[in-house]
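Please open the model in your viewer and keep the selection panel at hand. The stops below are given in the order in which they can be selected.

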Amino acid sequence: MSLEFQNVSYYYPGTHQGLNDLTLSVKTGELVAVIGPSGSGKSTLLKLVSGLTTGHSGSIKLGGQDLAKTPVHERNIGMVFQNYALFPHLNVLDNVAYGLKLRKVPHSVRTAKANALLDAVGLSAFSDRAVSQLSGGQQQRVALARALAIDPKALLLDEPLAALDASIRGQLRDQIREIQKRFHATTLLVTHDQEEALAMADRVAVLVDGSLLQLATPKDIYERPVSTVVAQFVGLSTIFRGTVLAQDLVDIGFAKLVAPTHNRVAGQTVHALIRPEHVQIDPLENTPNRMTGHVGAQRYLGSMSRFDFFIPGAATPLLCEARGLPMNAVAIAPQHVCLLDS
Ligand code: ADP
Ligand code: MG
C-alpha cells in the first residue's frame with residue numbers, strides 16, 4: 001500500500017517546530033529513508049503516521065485512506081524504534097505474537113505465524129528465550145518480526161540501528177533490507193546516518209528544519225544534490241564559491257574551473273562541489289582543472305588515505321581521497337565539478 005503525504009504541516013503547540021508543507025510518497029513495497037539533522041522533524045513524520053501525534057493540516061493517505069479519519073487502532077502500522085521496546089515479561093515468541101493476540105487471532109494460528117516470522121529473521125532457535133537474554137541486534141530482529149506479524153500496511157523504522165555496534169549495524173542493515181523486500185513492506189526508515197540511508201533505501205528524503213529539501217534515489221542525492229545543504233549532509237565534499245565567467249567556465253577566485261554551467265549565465269554566483277574521490281592525483285601538465293599546492297593533514301584509512309590539499313589563495317583546503325599522495329598537483333575532471341546555485 002502506498003503512503004502519501006500531501007502538503008502536510010504540523011507544529012507542536014506554541015512552537016514553530018514540526019513539519020512545513022511536506023509532500024512525499026512512499027510507493028507500495030518501497031523503502032524511503034528520511035535523513036536530516038537532529039530536530040529536523042523525522043520522528044514527527046512517523047508519529048503523524050502512527051497516530052502518536054495528531055492534528056496536522058494537509059493529508060496523509062495510506063492505501064488511499066485518509067489517516068486523519070482512521071482511528072489509531074485501525075491503522076495497522078508496524079513500528080520499530082531505536083530502543084527495542086520489547087515486552088520484558090514476555091518471551092521471544094510471545095513478543096512476536098503480541099499484536100495478533102490483541103487482534104484475537106487464535107492461539108495456534110498466531111503461534112504458527114510468530115514462528116514463521118522468527119524463522120524469517122533467523123531466530124527460530126530463540127523462541128522461548130527471555131528477551132533480556134538476547135543481544136541488541138537480536139532484540140531488534142525480534143522487534144522487526146513483531147512489527148511484521150500484524151501484516152502492517154506500512155512499516156515505520158525510527159533509527160532502528162542507532163543503538164548498535166558498528167559491526168552489527170552493517171549486518172542488520174542488510175538483513176532488514178532483505179526482509180523488507182521479501183515482505184514487500186511499504187517502509188519509512190528514519191536515520192541520521194546518511195551512509196545507512198544510501199545503502200538501504202530505494203529513495204532518500206532529506207529533511208531540514210521541518211522542510212523536505214530533496215527526495216531522490218541514493219545515486220541522485222549523492223551525485224545531483226539540489227543545494228549545498230543537501231550536499232554537505234550526504235557524503236564528503238569541498239565547496240568553493242565562484243562566479244560563472246562564460247559557458248562552462250567558472251571563476252573560483254584562486255583558479256578558473258572548466259565545469260558544465262548548463263543554462264547559467266555569466267556573472268551568476270555558483271558553488272562548485274567537488275567529491276574527494278573525484279580528485280585526480282599528480283595529473284599531467286596540461287590536464288584540465290589542474291591546480292598546484294601542497295598536502296596538509298592526512299588520515300590513513302586502510303584502503304585509501306584522505307587528505308587536505310592546500311591551494312594558494314583557496315579559503316578552504318580541497319579534500320582528496322587516493323591511494324597515494326600527490327607531490328604538488330591535483331585535477332578535477334570538468335564533468336566532476338558539480339555546480340549548485342545555493
Ligand atoms: P528528529 O526526529 O528529526 O530529531 P523530531 O521530529 O523529534 O526531530 O522533532 C522536530 C522538532 O520538534 C524539534 O525541534 C523538536 O525539538 C520539536 N519537538 C519534538 N517533540 C516536541 C514536543 N512534544 N513538543 C514541542 N516540540 C517538540
Ligand atoms: Mg527522532
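Begin by selecting serine 40 together with Gly18, Leu207, Val208, Asp209 and Gly210, which are the residues that serine 40 touches once those up to four places away in sequence are left aside. In this predicted model, serine 40 sits in the loop that runs between strand 3 (31–35) and helix 1 (42–50). Its relative accessibility is 2%, and because buried means under 20%, serine 40 counts as buried. If you display the polar atoms here, you will find a polar atom of the serine 40 side chain 3.4 Å from the backbone oxygen of leucine 207.

Next, select ligand 1 and show its surroundings, which consist of Tyr12, Gln17, Pro37, Ser38, Gly39, Ser40, Gly41, Lys42, Ser43 and Thr44. Sorted by character, this shell contains 2 nonpolar, 7 polar and 1 charged residues. Which distances are worth drawing from the oxygen atoms of ligand 1 to serine 43 and threonine 44? An oxygen atom of ligand 1 lies 2.9 Å from an N or O atom in the side chain of serine 43, and an oxygen atom of ligand 1 lies 2.5 Å from an N or O atom in the side chain of threonine 44. For glycine 39 the partner belongs to the backbone, a polar atom of which is 2.7 Å from an oxygen atom of ligand 1. Taken alone, ligand 1 would expose 560 Å², of which the protein buries 62%.

Then hide the ligand and turn to the nonpolar interior, where the largest core has 45 residues, and where Val96 and Leu144 have the most contacts inside it. Helix 4 (residues 136–149) gives the most to this core, contributing 7 residues. With valine 96 selected, look for Ala114, Leu117, Leu118, Val142, Ala145, Arg146 and Ala149, which valine 96 touches when residues up to four places away in sequence are not counted. A second, separate core of 24 residues can be coloured on its own, and includes Val34, Leu45, Val49 and Leu67.

For the last stop, select arginine 177, which is placed in helix 5 (residues 166–182). Is this arginine 177 buried or exposed? At 12% relative accessibility, arginine 177 counts as buried. Not counting residues up to four places away in sequence, arginine 177 touches Leu31, Met200, Ala201 and Asp202. A C-alpha to C-alpha line drawn from arginine 177 to leucine 31 spans 8.4 Å, although the two are 146 residues apart in sequence.

Key: Residues numbered from 1 in each chain as written. Chains lettered and ligands numbered in written order. Predicted model: local features only at pLDDT ≥ 70, side-chain atom pairs only at ≥ 80, totals over all residues. Heavy atoms only, no water. Near = heavy atom within 4 Å. Polar contact = N/O pair within 3.5 Å; in protein donor to acceptor, adjacent residues only side chain to side chain. Areas by Shrake-Rupley, 256 points an atom, 1.4 Å probe, with all protein chains shown as cover. Nonpolar A, V, L, I, M, F, W, Y, C, P; charged D, E, K, R; others polar. Core = buried A, V, L, I, M, F, W, Y, C linked by side-chain atoms within 4.5 Å. Buried < 20%, exposed > 50% of the residue type's maximum accessible area, 1.4 Å probe, protein only. Helix = DSSP H or I, 4+ residues; strand = E, 2+ residues; numbered from the N terminus. Contact = heavy atoms within 4.5 Å.
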